Amino acid sequence: MELTPRLKLAADLCLPCERIIDVGCDHAYLCLHLVERGAKSAVASDIRPGPLAAAKEHIAACGMSDRVRAVLCPGLEAFGPEDGDTVSICGMGGEMIASILEAAPWTAKGAHKLVLQPMTAGNKLRRWLAANGYAVEREALAREGDRLYVVLQVFGGRQDGCGSENHYLFTEKLLTDPLFPEYLEKLRLKYEKSRQGRASAGLDTAEEDAVLKRLEEVRHGA
Ligand SMILES: C[S@@+](CC[C@H](N)C(=O)[O-])C[C@H]1O[C@@H](n2cnc3c(N)ncnc32)[C@H](O)[C@@H]1O
């Protein structure tokens, strides 16, 4: 099962794992790939019947129905801590990922590896994780075309030791990623655009100014 760079990075941050629950599985690509790479079993779950039907078909076509189970449910509602050692939630907004974890407090106990790939609002997700006892263990970037995607490997039950100002934009673990300079520039452009929009609407730009200042310091190695 060949994956795109984004999902391949998510798979790399899941491994090693024995039993994976993939929330929002779509075609079950990630589950199938992980089982091929050594996971004993996987649960591919999705909130919508369409993607789940596609997942079931795909699992059967790969001859993996005995090892990859498809479950229709919102978030982690159908699962408990005993159902897996690893949980992945990829390709959703950061706020949705946080709300799925919030509804499953067992993910905060530290017994599970969580692999999270926010498409948007990564800063809000990081803030929520730090405030709720989850720590980012690893963080890395993948590129697909012009887009960069961030993937976080997270554990509950730990205090995140990183209290730096830029913590919510990226953790220290990302600083050595080969794609980090490019990511920094994308963040700068995003916050610059936001600052200009707010300034022309007569709104306060203090947050954008602080972020832009910090990005500039990071760029110069401060
Ligand atoms: C953009 S796709 C991402 C698919 C795959 N995880 C990936 O990263 O390529 C988002 C999937 O998440 C599912 N989804 C959205 N909200 C969900 C929720 N609360 N619980 C479970 N699945 C959800 C959607 O139905 C859709 O199949």
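1. The second largest pocket of this predicted model has a volume of about 420 Å³. Its lining comprises 19 residues, and those nearest the centre are Met119, Leu148, Tyr183, Leu187 and Lys190. Helix H5 (122–131), strand S7 (147–156) and helix H6 (180–200) each contribute at least two lining residues, with H6 providing the largest share, 5 residues. By class, this lining holds 11 nonpolar, 3 polar and 5 charged residues.

2. The largest pocket, for its part, has a volume of about 580 Å³, and of the 32 residues that line this pocket, Val23, Gly24, Cys25, Cys90 and Met92 are the closest to its centre. At least two lining residues come from each of H1, strand S1 (19–23), helix H2 (29–36), S4 and H4, and the lining divides into 19 nonpolar, 6 polar and 7 charged residues.

3. The ligand occupies the space of the largest pocket, where 17 residues surround the ligand, the closest being Arg6, Gly24, Asp46, Arg48 and Gly75. Helix H1 (5–14), strand S4 (86–92) and helix H4 (94–102) each supply at least two residues of this shell, and S4 gives the most, with 3 residues. The shell consists of 10 nonpolar, 3 polar and 4 charged residues.

4. As for polar contacts, a nitrogen atom of the ligand lies 2.6 Å from a polar backbone atom of Gly24, while a ligand oxygen atom is 2.6 Å from an N or O atom in the side chain of Asp46. A nitrogen atom of the ligand is also 3.3 Å from a polar backbone atom of Ile47. Of the 600 Å² of accessible area that the ligand has on its own, the protein covers 80%.

Definitions and conventions. Residues numbered from 1 in each chain as written. Predicted model: local features only at pLDDT ≥ 70, side-chain atom pairs only at ≥ 80, totals over all residues. Heavy atoms only, no water. Near = heavy atom within 4 Å. Polar contact = N/O pair within 3.5 Å; in protein donor to acceptor, adjacent residues only side chain to side chain. Areas by Shrake-Rupley, 256 points an atom, 1.4 Å probe, with all protein chains shown as cover. 1 Å grid on protein atoms, 1.4 Å probe; cavity = no way out; pocket = protein on both sides within 12 Å on 5 of 7 lines; lining within 4 Å. Sits in = over half its atoms within 2 Å of the grid points. Helix = DSSP H or I, 4+ residues; strand = E, 2+ residues; numbered from the N terminus. Nonpolar A, V, L, I, M, F, W, Y, C, P; charged D, E, K, R; others polar. Points joined across faces, edges and corners; volume = space filled by probe spheres on them.
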